[in-house]
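Grab a pencil and try each exercise before you peek at the solution. Keep the picture open while you work.

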Amino acid sequence: MARGLGAALVLAAAGMIGAVVARAYQDRPRVLRALQSALTMLRTEIVYAGTPLPEALAQVARRTPAPADSFFAAVANALNSRPGLTAAEAWREALANSPAWPLTADDEAVLLDLGGCLGRSDAADQEKHLGLALVQLARLQAEAEAERDVQVRLWRWLGVCAGGCLVLLLY
Amino acid sequence: MDITMIYQIAGIGILIAILNIFLAQAGRQEQAQMLSLAGVVIVLLWLIQLIGRLFRDVETVFRWW
């Protein structure tokens, strides 16, 4: 009885670990897509509406879905609450204590490059940098989607099968 | 010698075969090979105990004379 219970617990725990890892692979393309639409919104705000950066960032944060919005909100907050802070510094700080999103170092490097150019030059120049970041994010998203299709299935099965092997070894 | 040992070995074999397929699909050939090697080693460790018991039994049979 106790053995069966333990076996079921080990199996369930291993399966859950696999599902958690698979979830990260599943979430990354979604977050990348949200970031792209957020940056597109930011570009519109900067180029066509001419909104000041803190305000534009706050608006973007309001209209972006869950994991990515806290990042823009953090940048906007830092810019609003601490005058004298440059946009690049605020951007880097928000990225450093990064929100709980499943992005890799590559994705964050693109954002970091973009942050260094924001709020420093005229709208046309910023539009170019935002366009570059968007292209890079689109490439990363295609990569992430290809990776997701393979890795999600692998990690689900890896968790369950590893749990089964562990149960058989310990039984 | 109970039958559970055979079930255990069969179960390990099935699980490792499934994992092997998925690892190979994900393009991790080396890890798939290492995994099947690990499975063989684990099952061999069990088998060595069983074979040792068999030899002991044979020995006791022939010590009757």
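A nonpolar core is a set of buried Ala, Val, Leu, Ile, Met, Phe, Trp, Tyr and Cys residues joined through side-chain atoms within 4.5 Å. Keep in mind that you're looking at a predicted model.

**Exercise 1. Find the residues of the largest nonpolar core that touch the most other members, and say which elements build this core.**

Step 1: The largest nonpolar core has 38 residues, and those touching the most other members are A:L39, A:L42, A:L57, A:F72, A:W91 and A:W101.

Step 2: Now look at where the core comes from. Two or more residues each are given by α1 (2–49), α2 (53–63), α3 (66–81), α4 (87–96), α5 (105–115) and α6 (123–170) of chain A.

Step 3: Who gives the largest share? That's α1(A), with 8 residues.

Step 4: There's also a second, separate core of 10 residues, which includes A:C161, A:C165, B:I16 and B:V43.

As background, nonpolar side chains in soluble globular proteins tend to be buried together.

**Exercise 2. List what A:F72 and A:A61 touch, leaving out neighbours within four places in sequence.**

Step 1: Start with A:F72. With those neighbours set aside, A:F72 is in contact with A:L35, A:A38, A:L39, A:L57, A:V60, A:A61 and A:W91.

Step 2: Next, place A:A61, which sits in helix α2 of chain A.

Step 3: Buried or exposed? A:A61 has a relative accessible area of 12%, and buried means under 20%, so A:A61 is buried.

Step 4: Beyond four places in sequence, A:A61 touches A:D69, A:F72 and A:A73. You'll spot the A:F72 contact in both lists.

Step 5: For a longer reach, check A:R3: its C-alpha lies 51 Å from that of A:A61, and the two residues are 58 apart along the chain.

**Exercise 3. Work out whether A:T44 is buried, partly exposed or exposed, and how far it is from A:E93.**

Step 1: Find A:T44 in helix α1 of chain A.

Step 2: The relative accessible area of A:T44 is 37%. Partly exposed covers the range between 20% and 50%, so A:T44 is partly exposed.

Step 3: A:T44 and A:E93 are 49 residues apart in sequence, and their C-alpha atoms are 24 Å apart in space.

**Exercise 4. Describe the build of chain A, and explain why it counts as more spread out than a compact globule.**

Step 1: Chain A has 6 helices and 0 strands.

Step 2: For 171 residues the globule rule gives 16 Å, but the radius of gyration of chain A is 21 Å, well over that, so chain A is more spread out than a compact globule.

Step 3: The C-alpha trace of chain A spans about 70 × 30 × 20 Å along its principal axes.

Step 4: Buried residues make up 40% of the 171 in chain A. Its accessible surface is about 9000 Å², with 60% belonging to carbon and sulfur atoms.

**Exercise 5. Do the same job for chain B.**

Step 1: Count the elements: chain B has 2 helices and 0 strands.

Step 2: The radius of gyration of chain B is 17 Å, well over the 11 Å from the globule rule for 65 residues, so chain B is also more spread out than a compact globule.

Step 3: Its C-alpha trace spans about 60 × 20 × 10 Å along the principal axes.

Step 4: Of the 65 residues in chain B, 22% are buried.

Step 5: Finish with charges. Chain B carries 4 positive and 4 negative side chains, and the centres of the two sets lie 3 Å apart.

Conventions. Residues numbered from 1 in each chain as written. Chains lettered and ligands numbered in written order. Predicted model: local features only at pLDDT ≥ 70, side-chain atom pairs only at ≥ 80, totals over all residues. Heavy atoms only, no water. Helix = DSSP H or I, 4+ residues; strand = E, 2+ residues; numbered from the N terminus. Rg over C-alpha atoms; globule rule 2.2 N^0.38 Å. Buried < 20%, exposed > 50% of the residue type's maximum accessible area, 1.4 Å probe, protein only. Lys, Arg positive; Asp, Glu negative; His and termini not counted. Charge placed at Lys NZ, Arg CZ, Asp CG, Glu CD. Contact = heavy atoms within 4.5 Å. Areas by Shrake-Rupley, 256 points an atom, 1.4 Å probe, with all protein chains shown as cover.
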